[in-house]
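Thanks, everyone, for making time this morning. I would like to walk through one model with you, starting with the ligand and its surroundings and then stepping back to the overall fold.

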Amino acid sequence: MSTNHLDDEPEFLMTDKNFEYIRTLAYQQTGIVLPERKKHMVYSRLCRRLRVLGHNDFGEYCQTLEHNNDELPNFINALTTNLTSFFRERHHFDFLNDVVMDQWRKQGKKRIRIWSSACSTGEEPYSIAMTLQPMLAQAQLDIKILATDLDTNVLAKAQAGIYPKDNLEHIANDMQKSCINLLGNQFEIKPLIKNHIHFKQLNLLQSWPMKGSFDVIFCRNVMIYFDAETRKKIIARFRQLLSNDGYLIIGHSETLHHISDEFVLIGHTIYRPKTHTTHSLSQFGTEGK
Ligand SMILES: C[S@@+](CC[C@H](N)C(=O)[O-])C[C@H]1O[C@@H](n2cnc3c(N)ncnc32)[C@H](O)[C@@H]1O
């Protein structure tokens, strides 16, 4: 790759200066770090925007970003990585079912708040709600799941709650009966599940409107895109919003090691606040032993 061109005949010219502008803006707006090795990915994800806007090169696109705030959401939506699936990292949902829900039942807990803080197209919050399904039908319980993401396109898909039938392979048969309706080649999430989830756009870098405490916070597979400084700030803010006997659940390649000393690892990528008397849950494994 030459310094000015992505390959011999790129559709659009992207200079080093253009890439620098784009990665600085992405970092400021989203916290996402885009190293030089991601230049090809950035180029291919943004090409569509240049075509839609009728631009001839990335210089023109950078000018648009500089002078037209309306393009910013499209820029952000194009750059986010939204990979997800139902019951991804299944051990987290097993833990929710076998340990957390059991604890809540024993405590007689009536008010439950869960936050899926980078929910993408919705599979994560729907998997949480499906796991909680036996509790959702109990009228005396007040259960709410907040599902947020920065990307407005994925949030719209999440809110629609309609997925290709192929995705059913990740959802257990008995859960399918109580949580989804088939619609030809697709399926929809049943109202009982959907009605407990509140979808909202939220940038983890900016201010958060929520005041109340959460019993479980999921922040999975988004911190990998952030630098250590951003991770530290976000985790410290999670601690403030997490109840003392709550749980913080992160992604398989993420860790709080060197990021926060306010949490204790109690299972594979599952943490509790240090103020809580914690115990190791060996059946769920521990990382970095
Ligand atoms: C790879 S997906 C992870 C989805 C889900 N948590 C999972 O583990 O399957 C990462 C999500 O983080 C979102 N994201 C990236 N930067 C963000 C930010 N600053 N604030 C909120 N969400 C962000 C992206 O839009 C994307 O949907």
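The space that the ligand takes up is the largest pocket, and I should say straight away that what you are looking at is a predicted model. Around the ligand there are 21 residues, and the closest of them are T84, R88, A118, D149 and N221. If we sort that shell by class, we find 8 nonpolar residues, 8 polar ones and 5 charged ones.

Which atoms, then, make the polar contacts? On the oxygen side, a ligand oxygen lies 2.9 Å from an N or O atom in the side chain of R88. For nitrogen, there is a ligand nitrogen 3.0 Å from a side-chain N or O atom of N203, while at L204 the partner is a polar backbone atom, with a ligand nitrogen 2.9 Å away. As for burial, the ligand taken alone exposes 600 Å², and the protein buries 99% of that.

Stepping back to the whole chain, the protein has 11 helices and 10 strands. Its radius of gyration is 21 Å, close to the 19 Å that the globule rule gives for 289 residues, so the protein is as compact as a globular protein of that length. Along the principal axes, the C-alpha atoms fill a box of roughly 65 × 50 × 35 Å.

How values were computed:
Residues are numbered from 1 along each chain as its sequence is written. This is a predicted model: local features need pLDDT of at least 70, side-chain atom pairs count only at pLDDT 80 or more; totals for chains, interfaces and linings use all residues. Side-chain values use heavy atoms; hydrogens and water are left out. A residue is near a molecule or strand if one of its heavy atoms lies within 4 Å of it. A polar contact is a pair of N or O atoms within 3.5 Å; within protein, one must be able to donate a hydrogen and the other to accept it, and residues adjacent in sequence count only if both atoms are side-chain atoms. Accessible areas come from the Shrake-Rupley method with a 1.4 Å probe; for residues, only the protein chains shown count as cover. On a 1 Å grid over the protein atoms alone, a cavity is a set of points where a 1.4 Å probe fits but cannot get out, and a pocket is an open set with protein on both sides within 12 Å along at least five of seven lines; lining residues have an atom within 4 Å of a point. A molecule sits in a cavity or pocket if more than half of its atoms lie within 2 Å of its grid points. Ala, Val, Leu, Ile, Met, Phe, Trp, Tyr, Cys and Pro count as nonpolar, Asp, Glu, Lys and Arg as charged, and the others, Gly among them, as polar. Helices (H or I, at least four residues) and strands (E, at least two) are DSSP runs, numbered from the N terminus. The radius of gyration is taken over C-alpha atoms; the globule rule is 2.2 Å times the number of residues to the power 0.38.
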